[in-house]
Amino acid sequence: VQRRRMTLDEVLRHEGGQVLATLVRLTGDIGLAEDALQEAVIVAHARWTDDDMPDNPAAWLTTAARNKALDRIRREARRGDKEREAVALLDQQLADEPNEPTDLLRLLFTCCHPALSQEAQIALALRTLCGMTTPEIAGAFLVQDSTMGQRISRAKKKIATAQIPYRVPEDHELPDRLPAVLEVLYLVFTTGHHATEGSLDSRVDLASEAIRLCRMLAALMPDEPEVRGLLALMLAAHARRRARLASDGTLVLLADQDRDLWDRDLIAEASALVEGSLRQRAAGEYRIQAAIACLHSLAPTYEQTDFEQIAELYRLLETIKPTPVVRVNRAVAEAQVSGPLRGLELLDGVTGLESWHLFWSTKADFLRRLDLPDAAAEAYRRALACQMNQSDRSFLQERLASVT
């Protein structure tokens with residue numbers, strides 16, 4: 001029974017966002033689409049077995065959920081214009097209508113409508129597009145699960161009451177939507193690249209999906225350098241995915257990775273995108289991060305990495321985006337150039353990251369390198385008290401043991 005559910009979970013993980021996006025196109029209602037998909041999933045749990053799986057599970061779920069949505073609309077005693085239009089649209093759709101590739105892009109822009117706060121836009125997009133759980137999203141935002149749940153609920157209600165349209169915006173509307181859309185894609189990729197639960201790469205499907213959506217966005221906005229910068233950042237990081245875990249599942253730090261396992265084609269594509277985008281306007285946050293990622297990826301060895309240029313780029317990034325997370329990353333780079341004491345100085349006074357394990361593990365590493373084992377152990381314990389994936393936890397437990 002557990003194995004059958006895992007099979008369905010995998011389908012939902014890889015195809016759930018696309019199915020939901022298609023249902024939203026058909027119904028025009030995110031809430032109705034989510035409810036219909038959930039009902040279809042319940043039916044799938046009861047019917048699907050290892051020996052009797054549909055040839056196309058995503059199409060099966062789409063059709064089943066479409067029929068559930070149609071049944072629900074028809075049961076309503078009083079239907080408004082919106083519901084009547086939905087019935088007519090659903091009635092004329094063929095049962096085996098394929099999902100449209102642009103459905104996800106439509107849903108992404110719907111979630112990122114300017115009527116919603118940017119935090120609500122991003123949270124709702126992560127929930128609907130990628131099927132991320134509320135705890136996963138809360139972990140990405142470093143907030144409590146209950147806070148994130150309320151934020152997502154309010155965003156759905158706002159879309160319904162404001163009758164926000166489900167479509168890709170006109171050209172003149174795109175610039176206002178772009179910052180939130182880019183941040184959503186970045187967070188989706190980050191969660192896929194560094195999962196909040198399970199093993200480090202347990203949500204690598206999200207990273208692949210973020211890259212696919214970013215490619216679609218780049219085709220829609222070919223002259224927007226930050227879109228190309230974000231795509232380059234994703235590709236440069238994704239190129240290293242096979243070297244980040246050892247065969248036994250343990251975490252491998254960048255300095256110790258087998259660079260022969262890196263995808264050189266992706267690195268070359270990322271480098272070309274960075275070179276082209278940096279010539280367009282003043283550098284933005286994603287192009288700077290992409291340049292940093294490419295400097296890491298192009299270095300023959302870790303020791304030959306140009307950390308001075310990386311530190312300089314982080315200083316520039318911090319002038320554009322002065323956030324605590326950027327400061328932590330800058331501290332890591334500066335410590336490679338000037339030593340761990342400089343890294344600690346940069347971390348001094350950083351607030352708001354008490355629940356982020358990478359803040360504490362970075363501090364612990366600086367203290368360990370300064371031969372202050374007691375202080376390092378305390379920082380490692382603070383890190384282990386935070387939420388994280390199992391790969392990170394195992395690594396930090398080993399580091400704690402090494403200083404105690």
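User: Before anything else, what does pLDDT tell me?

Analyst: pLDDT is the predictor's confidence in each residue, from 0 to 100. You need it here, as this is a predicted model. The protein averages a pLDDT of 85, and 91% of the residues score at least 70.

User: Where does pLDDT stay under 50?

Analyst: Here's the general idea: where pLDDT is low, the predicted coordinates should not be read in detail. In this model, that concerns residues 1-5, where pLDDT stays under 50. The model gives this stretch 6 contacts beyond four places in sequence.

User: OK, now helices. What should the 13 residues of α17 span?

Analyst: Count 1.5 Å a residue, and helix α17 (residues 357-369) should span 18 Å. Its end C-alpha atoms are 18 Å apart, so the two agree.

User: And which residues of α17 are buried?

Analyst: Buried means under 20% relative accessible area. In α17, the buried ones are H357, F359, W360, S361, T362, A364, D365, F366 and L367. Their cover includes α15 (324-338), α16 (340-347), α18 (373-384) and α19 (390-403). Look just past the end of α17 too: D371 has a positive phi of about 60 degrees.

User: Last one, pockets. How much space lies in the second largest pocket, and what lines it?

Analyst: Start with volume, then go round the walls. The second largest pocket holds about 630 Å³ of space. It has 21 lining residues, and L12, R127, C130, G131 and T133 are the closest to its centre. α1 (2-27) gives the largest share of the lining, 6 residues, while α2 (30-47) and α6 (118-130) each supply at least two. By class, the lining has 8 charged, 8 polar and 5 nonpolar residues.

Methods. Residues numbered from 1 in each chain as written. Predicted model: local features only at pLDDT ≥ 70, side-chain atom pairs only at ≥ 80, totals over all residues. Heavy atoms only, no water. Contact = heavy atoms within 4.5 Å. 1 Å grid on protein atoms, 1.4 Å probe; cavity = no way out; pocket = protein on both sides within 12 Å on 5 of 7 lines; lining within 4 Å. Points joined across faces, edges and corners; volume = space filled by probe spheres on them. Helix = DSSP H or I, 4+ residues; strand = E, 2+ residues; numbered from the N terminus. Nonpolar A, V, L, I, M, F, W, Y, C, P; charged D, E, K, R; others polar. Expected span 1.5 Å × (residues − 1). Buried < 20%, exposed > 50% of the residue type's maximum accessible area, 1.4 Å probe, protein only.
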